[in-house]
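Welcome, and thanks for opening the viewer. Please load the model and keep the selection tool at hand, then follow the stops below.

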Amino acid sequence: NYLGFEEDMFEEFEIEEDDKEITAYVKLKRLPNQTCIHCKSKNIIIKEYKVKTINHKHFTGKQCFIKYKKRRYLCRDCKKTFYEHNPFSFANESVSVETVLYVLDELKSTQAFKSVALKAGISQKKVVQIFVKYVDIPREPMPKILGIDEFHYKSTGDEKYACILINNTIENPTIVDIIKDRKIDTLSYYFQYIDRNERENVNFFVSDMYDGYKNVHDTWFPNSIHIIDTFHFIRLFTDALNRIRIKVMNDYSKDSIEYYVLKNYNYVLLISKKKFKKDKYFYKKFGKHMNYYDLLNVVINVDERVRQAYFIKNSFCSDYWKYSYEGSFNYINHIVSILKDSPFKEYHSVADSLVRWKQEICNSFLLIGGKRITNARTEGFNNLVKVIKRCGYGYSNFKRFRNRILYIEKSKNKLKIF
């Protein structure tokens, strides 16, 4: 079984090998009781032999070919011809079954088509053809908890951002499907072809504060509870604080210590204290060892405006987790009042967003199975997408890109060949 086949199936079997490749010349034993595949008649004869060259998977680091001498039969009754069963390759394939399966197995990782082609000893074009022919992943049914988000797809054109649908079920998050862009027309066209009963299966709809997603919820999932993902409305505060920092920084000379501190150590203003490193490191600029807490004190003491803006942001981000759904409405009202009373127009804009999206934000305080519902797991899928894009140097064909993501992500793939 040098090629992965039993020897007793061959009538002829010969191997030629050199430094670069292995070639197997084979002819199968004729099957007893062979019948015509068209009319089932046994009145058949061998019309001719034809040699088919099949590219086989690498063996011991060498290119391998099968020179298969195949019989072509003629039926004397129906006058039609046909070939004997070919165990080496699928119909109309120039590569072996084992090579196809090897390629499909390798493509379950994030490596590029070109890398798989080099391993399999075939062209990159052939690897792509195999993938397109045998991989077509259907979308999953609409889940109880549907998350919707976007990721950067292309740098140019109208379809810069693709849309990803997530089954946000706490026990088993998976990708439901990927849509080519997040335009309202595209999303409406997509969801209108999903059965109403299936759409009504969605109890919770989780998104960011993009108006298009609100339109999708109100139009296609009106019976579900719309939840604004925690990360996105917390980012309203961090983005506003960062704009205030930049404005304050630009009030100072570029060669001043204030400008230097606000430019180089702004990260301690924006990240949660839960992520602060307690270890102390030597900062040459200050001539002493400091941890993140020490560094934060230096940054906020640069300017009173930075201190005030930081404490407004931090009061919300640290207290947010303490409130229940019932108490969230008064809490948001309280935060809105603080923001509107602040001297920062950046926070006034945040207050307007909190008012506009108040119900959806308060819905994020709901507990399902003792936990709040977020799109946090979407980030893991977005990272997978980034790796696939980077390894493949981008994808111009969206359908191929979609299938590659879903093929890698799914633990069980529905392939046409099985």
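Which strands does helix H4 lie across? Select residues 184–191 to bring up H4, and you will find that the helix lies across S7 and S8. Its direction is at about 120° to S8. As you look, keep in mind that this is a predicted model.

**The sheet under the helix**

Now add the strands around H4. S7 and S8 belong to an open sheet of five strands, and its order is S8-S7-S6-S9-S10. The pairing in this sheet is mixed. Colour residues 174–179 for strand S8 and 225–228 for strand S10: these are the edge strands, each paired on one side only. Turn the view to compare neighbouring strands, which are rotated by 25° against each other on average, direction ignored.

Next, pick out S6 (residues 145–152) and S7 (residues 161–167). Seven bridges connect these two strands, and they pair in the antiparallel sense. To see one of the partnerships, click Ile148, whose bridge partner in S7 is Leu165.

**A second helix on the sheet**

Select residues 398–409 to show helix H16. This helix lies across S6, S7 and S8. Against S8, H16 runs at about 180°.

**The hairpin**

Go now to residues 10–17, strand S1, and residues 21–28, strand S2. The two run antiparallel and are joined by seven bridges. Follow the chain from S1 to S2 and you pass through a hairpin of three residues. For a partnership to click on, try Glu16: its bridge partner in S2 is Thr23.

**The cavity**

How many cavities of 30 Å³ or more does the structure hold? There is one. The largest cavity has a volume of about 40 Å³. To find its place, select Arg199, Glu200, Val202, Trp220, Phe221, Pro222, Asn223 and Ser224, which line the largest cavity. Coloured by class, this lining shows four nonpolar, two polar and two charged residues.

**Last stop: His348**

Finally, select residues 345–356 for helix H13, where His348 has its place. Is His348 buried, exposed or partly exposed? His348 counts as partly exposed because its relative accessibility is 28%, and that class lies between the cut-offs of 20% and 50%.

Show the surroundings of this residue too. Beyond its neighbours within four places in sequence, His348 is in contact with Leu339, Lys340 and Ser342. Then draw a distance from His348 to Ala240: their C-alpha atoms are separated by 9.4 Å, although the two residues are 108 residues apart along the chain.

Note on methods. Residues are numbered from 1 along each chain as its sequence is written. This is a predicted model: local features need pLDDT of at least 70, side-chain atom pairs count only at pLDDT 80 or more; totals for chains, interfaces and linings use all residues. Side-chain values use heavy atoms; hydrogens and water are left out. Two strands pair if DSSP finds at least two bridges between them. Helices (H or I, at least four residues) and strands (E, at least two) are DSSP runs, numbered from the N terminus. Axes are lines fitted to C-alpha atoms, for helices over the stretch in contact, and angles run from 0 to 180 degrees between N-to-C directions. Contact means heavy atoms within 4.5 Å. On a 1 Å grid over the protein atoms alone, a cavity is a set of points where a 1.4 Å probe fits but cannot get out, and a pocket is an open set with protein on both sides within 12 Å along at least five of seven lines; lining residues have an atom within 4 Å of a point. Grid points are joined across faces, edges and corners, and a volume is the space filled by probe spheres set on the points. Ala, Val, Leu, Ile, Met, Phe, Trp, Tyr, Cys and Pro count as nonpolar, Asp, Glu, Lys and Arg as charged, and the others, Gly among them, as polar. Buried means under 20% relative accessible area, exposed over 50%, partly exposed in between (1.4 Å probe, protein chains only).
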